[in-house]
Structures are given as C-alpha cells and as structure tokens.
Amino acid sequence: MERLGIAGPLSRFQLEGRVKGVQSSRLRVLNDAPVKFDGKFVLYWMVASRRTRFNFGLEHAIDRARALDKPLVVLEALRIDYPWASERFHRFVIDGMADNAERFRKADIQYYPYVEPRPEAGKGLLAELGRHACSIVTDDFPSFMIPRMLEAAARQAVVQLEAVDSNGLMPLAAADRAFPTAHSFRRFLQRELREQLIEFPKANPLARLQLPSLKKLPASILERWPTASDSLLSGTDEVLRELPINRSVAATDVVGGAEAARKTLRRFIERIDDYAEERNRLDAEGTSGLSPYLHFGQLSSHEICRKLLDREDWAIDQLGEGTSGSREGWWGLSRSAEAFLDQLVTWRELGYNMCRQRTDYDRFESLPDWAIRTLQEHAGDTREHVYSLEEFEEAATHDELWNAAQRQLRRDGTIHNYLRMLWGKKILHWSENPLHALETMIELNNKYALDGRNPNSYSGIFWVLGRYDRPWGPERPIFGKVRYMTSNNTARKLKVAGYLERYGKD
DNA sequence: ATCGGCTCGCGCAA
DNA sequence: TGCGCGAAGCCGAT
C-alpha cells in the first residue's frame, strides 16, 4: 500500500479515512507453500492478539477471505502444558475466549475456541485445519514460545502462512537494531512514529462484513478436537476444575477478556489526569491495570492510544518537531498523558524491540558490557542474607516490605509499580550470585505475574541488573555500579502501612 | 526540601 | 574530540 508522509496538520477525520490493507512492514510470509484457491476457508490462527478490535491480523485475514470469496474460520487455541501454565492464566485466557465467541457469533464468523484437555491432545489440529484452508494468517509476537511455535507451524503448513505484527504503534520491522536506552529509542520514535499515527487498524473489522458463511467445520476435525463448550467459556462448569494444570497458582480477582479490558480502560481514562502524581503511590489506584490485557492481546495499544488522544482532543499537528528524545513535550499533551504514553509506547515497544532483535533477550549475556563487568567483579562478595528460590517464593525473607510485595505477586498476579523495582533489587542483593538472581526473578515473575512472559516483564527484570540504565556510584558490594535500592528508603518515600496491612500475611 | 557527586556510553555538534 | 544527558537512587551536606 501507499504510505504518505504528512506535510501539514491532519484531522482525526482524515486519519480514520485512510484504511486500506496492512502495511507490508507488519507482514511476514513464513513459508513457501502456496495459497490454495480451492480451499474451504481462510484460517486466522489467533495466538497473540486475542481480540476482535484494532487487530491488524484479523483485518488481514478478513481481506484475504474477501479477496478469495471464502468464509473465515478463527482458531483460538490454549495449550495445556506450556511453561508456567496454570489455573491463573487459563482462567484469564478462557475469559477472553468467551468475549470473542460472542463477538464472532454476532458477526456470523466461525469461531473455534479449543482448550486442550491433556498434553499432546491438540497436536495435529492446525495441520488438519490447514489442509482444508486456502491460507493461514496468524499473529506475530517476539518472545516466549510463540516465535518457535510459528517456525514449527511454518515447516508443516501445506498452505501459505503469514504472520501479522499487531503488537504496537511501531511495526517491529521498522527498527533494525536493539536500542541501549529508552532515550535513544525515544529519539527513534520521535523521528518515525508520525507516519504510523495514520496507520491505525480498524476499530471494528467485523462491522459490515459480507463474507460467505461456513455453517459447519469438518466433522472429522470436531470429533477429534471438540470446540470448548459454552459452559467452559462462561467459567461455570467443572471442566476447568478437571484439567490437569497447576492449581497452586490460582486465578486472581482480575477478570480477563476484551470486555473487562475495555471497561478497565474506560475507568483509567477517567482518572488519567492523576496518573503522573499517583502512579507511584502505594495508597492510590494510580496505574492503569492494563498490562495483563496487553500481554494476552485482549486489548490493543492502538485502542488505548486512540481513546486517550480522543479524550485529550488531540490532533496530529500538536506533535513536536524535535527528535531530542526528551520525555515530555513531544505529543503536545498534559503531563499525565505524556507520562502514560511514555510507558505505553516508549517503554512497552522498547521491550518488544529487544526481544525481536536479540534471541538472547532472556540471558545474562544480553546485559550491557558495563553491567556484566561490574556484576561479575562483585559476584564473589560476601552476602549477609542468601535465600533460595523456595524461600523467596514463600515470602520468607527477613524483610517485611519485600515479603509483602512477593505476597501481592502470588495473590494478585502483579506487584505495585514502584515496589516491583525494589522486589528485583533485593533478589539481586540476597541471591548467591547475579545469575541465580536472574533465574529467580524470571521463574517467579513468569509463574505468578499475569503479564509475565511478556517482553516488558523481561525489561523490568533486566532493568534490575542494569539494562536501559547507567552506572551509578558509589560502587557497592554485590551491586557494583548497578543502581542500588533499599527498603528503608522506599519506606521513607511511600506510605507503606496500608500495604503492609493488606499483604502482611497470606 | 534540595543539591551534587557517584559513572558510562550514545549521538550529535564541531 | 568534546559535550550533554539519561526510569524511578543513595547519601551526606546545606
């Protein structure tokens, strides 16, 4: 498609009008297999963007179906045995399947939610569906198991498999290197983001669809891989209870799915003005709470951005010309709105960039040289406290504030914005060595955090060890030149009493 | 309450 | 080659 530079001010109305196809920079063809024109349907294999709105992948699959004049089938699958799978994540994803089922039902699209009942049971489903399909469209995603899963699918698919990048405002392919600091990435964004702001996906790609409808999926497939039942999706039956998954990580009080996501978004937008002031307070509801929905793709950063910009009556001519990378002033918005967009766009997409650019994003070696050097120099320092993974996991340290943060992680699947940093810094402080600390952080975060396994979780964990940061003096034991934090100082800065009360015990 | 020093590397200006 | 500056800090001095 044609990509236009923007010469002058452009109204939102004009922005809405420019919707054609998905940009080529968001599209990767993963294999050499052909499109089968006599297939029964186009298959959208939903793996990372688990939503029906603001979704380039779904939009592209619909375009494909329309061009071929075929029905669309949407497969959303949930494996039983992926690393760290538990009742917590299953509940969240299944909540989302219920929302998607409702939306696709109204649009008369064959939606095929599949919840694997036991390990290996889902094997062959994609291949079998692929044999009936004209082509397959799926979601691109740069971390955890999805890159490997897509490679495997590409090897076995007998029709064309395309992956669409619906991860963020910038296509992952727009950058050809990893950025060492938020500042340098911000500079990149300030040069390149302008033209992406006219490339938003459709708010509702299901509107006014006129695709041929497919009444039934092949019976041979449904017999072997039955669709998740309505009662499973609604969360009222025993099926989830009987699934052989880790039940020690229980569901949280956070309801999953695109509907809950949009409700959370609406409520956050109402209090956006307080964001800059309150996001680091322990005794306020300052943060957005959107991270889990973003992680599972139940909410799009485009939709968040659109809602925020609309509410601020923003137009593209408010964008600053400067590309100095400074944190405030570029969007031309209020302090709170800019602070939030810096999180949503700069920091979020910085992490995605790292995972796309470096296959070792989850390894110690991916840290900057100065951090590796200084941590290694201090790896043998004497430690006053050394805890095992189990002691950390059980919140059994000598530090009550730390223990409370760990209990919040276990109970709620998240740690307060500010305490998260302290949580990691103390794991570094109280582990046998920095490698152990890294393993502990990854294990606990991926196991308990709703937004674990996401590029941004890795940014947070590696920030503790120096990624995206700079050296700080004075040089200290264990930390070396890596930024140091203490519970005492945190307690001086924040009102911790209520938090300690709330998470003081299990 | 606020300030400087601690320390390194990037990217731009010269 | 020099210079400014950077996710959230800490500590001690003013």
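With which side chain does the side chain of Lys 447 make a polar contact? The partner is Glu 393, at 2.7 Å, where a polar contact is a pair of N or O atoms within 3.5 Å; within protein, one atom must be able to donate a hydrogen and the other to accept it, and residues adjacent in sequence count only if both atoms are side-chain atoms. The structure is a predicted model, in which local features need a pLDDT of at least 70 and side-chain atom pairs count only at pLDDT 80 or more, while totals for chains, interfaces and linings use all residues. Residues are numbered from 1 along each chain as its sequence is written, chains are lettered from A and ligands numbered from 1 in the order in which they are written, and side-chain values use heavy atoms, with hydrogens and water left out.

The pLDDT is the predictor's confidence in each residue, from 0 to 100, and chain A averages 92, with 96% of the residues scoring at least 70. Over residues 1-19, however, the pLDDT is below 50, and this stretch has 33 contacts in the model beyond near neighbours in sequence, a contact being heavy atoms within 4.5 Å.

Lys 447 is found in helix H19; helices (H or I, at least four residues) and strands (E, at least two) are DSSP runs, numbered from the N terminus. Lys 447 counts as buried because its relative accessibility is 16%, and buried means under 20% relative accessible area, exposed over 50%, and partly exposed in between (1.4 Å probe, protein chains only). Leaving out residues up to four places away in sequence, Lys 447 touches Trp 84, Phe 89, Asn 246, Val 249, Glu 393 and Ile 442.

Helix H19 in turn is one of the elements that cover the buried residues of helix H17, and helices H3, H16, H18, H21 and H22 are also among them. Of the 13 residues of H17, 10 are buried, so this helix is largely enclosed by the rest of the structure. At 1.5 Å a residue, the 13 residues of H17 should span 18 Å, and the end C-alpha atoms are indeed 18 Å apart, which agrees; the expected span is 1.5 Å times one less than the number of residues. At the N-terminal end, H17 is capped by Asp 399, which places a side-chain oxygen 3.0 Å from the backbone nitrogen of Leu 401, and just after the helix Gly 413 takes a positive phi of about 75°.

We turn now to the DNA. Around DNA strand C there are 20 residues, the closest being Trp 347, Trp 472, Arg 483, Asn 489 and Lys 493, and a residue is near a strand if one of its heavy atoms lies within 4 Å of it. Phosphate oxygens of strand C lie 3.0 Å from a polar side-chain atom of Arg 327 and 3.0 Å from an N or O atom in the side chain of Tyr 418, whereas a base nitrogen is 2.8 Å from a polar backbone atom of Gly 473.

Tyr 418 is also in contact with Asn 280, as are His 416, Asn 417 and Leu 494, leaving aside neighbours within four places in sequence. Asn 280 has its place in the loop between helices H11 and H12, and its side chain is joined to that of Asn 417 by a polar contact of 3.0 Å. Although Asn 280 and Lys 493 are 213 residues apart in sequence, they are 9.9 Å apart in space, C-alpha to C-alpha.

Gly 473 is among the residues around DNA strand B, and so are Trp 472 and Pro 474. Sugar and phosphate account for 71% of the atoms of strand B that come within 4 Å of the protein. A polar side-chain atom of Lys 481 lies 2.6 Å from a phosphate oxygen of strand B, while a base oxygen of this strand is 2.9 Å from a polar backbone atom of Pro 471.

Some details of the backbone remain. Most residues other than glycine have a negative phi, and most peptide bonds are trans. Gly 473 and Pro 474, by contrast, are joined by a cis peptide bond with an omega of about -10°, and Pro 474 is in the loop between helices H20 and H21. Phe 144, which is not a glycine, has a positive phi of about 60°, and Arg 453, in the loop between H19 and H20, has a positive phi near 70°. Arg 453 is buried, with a relative accessible area of 1%.
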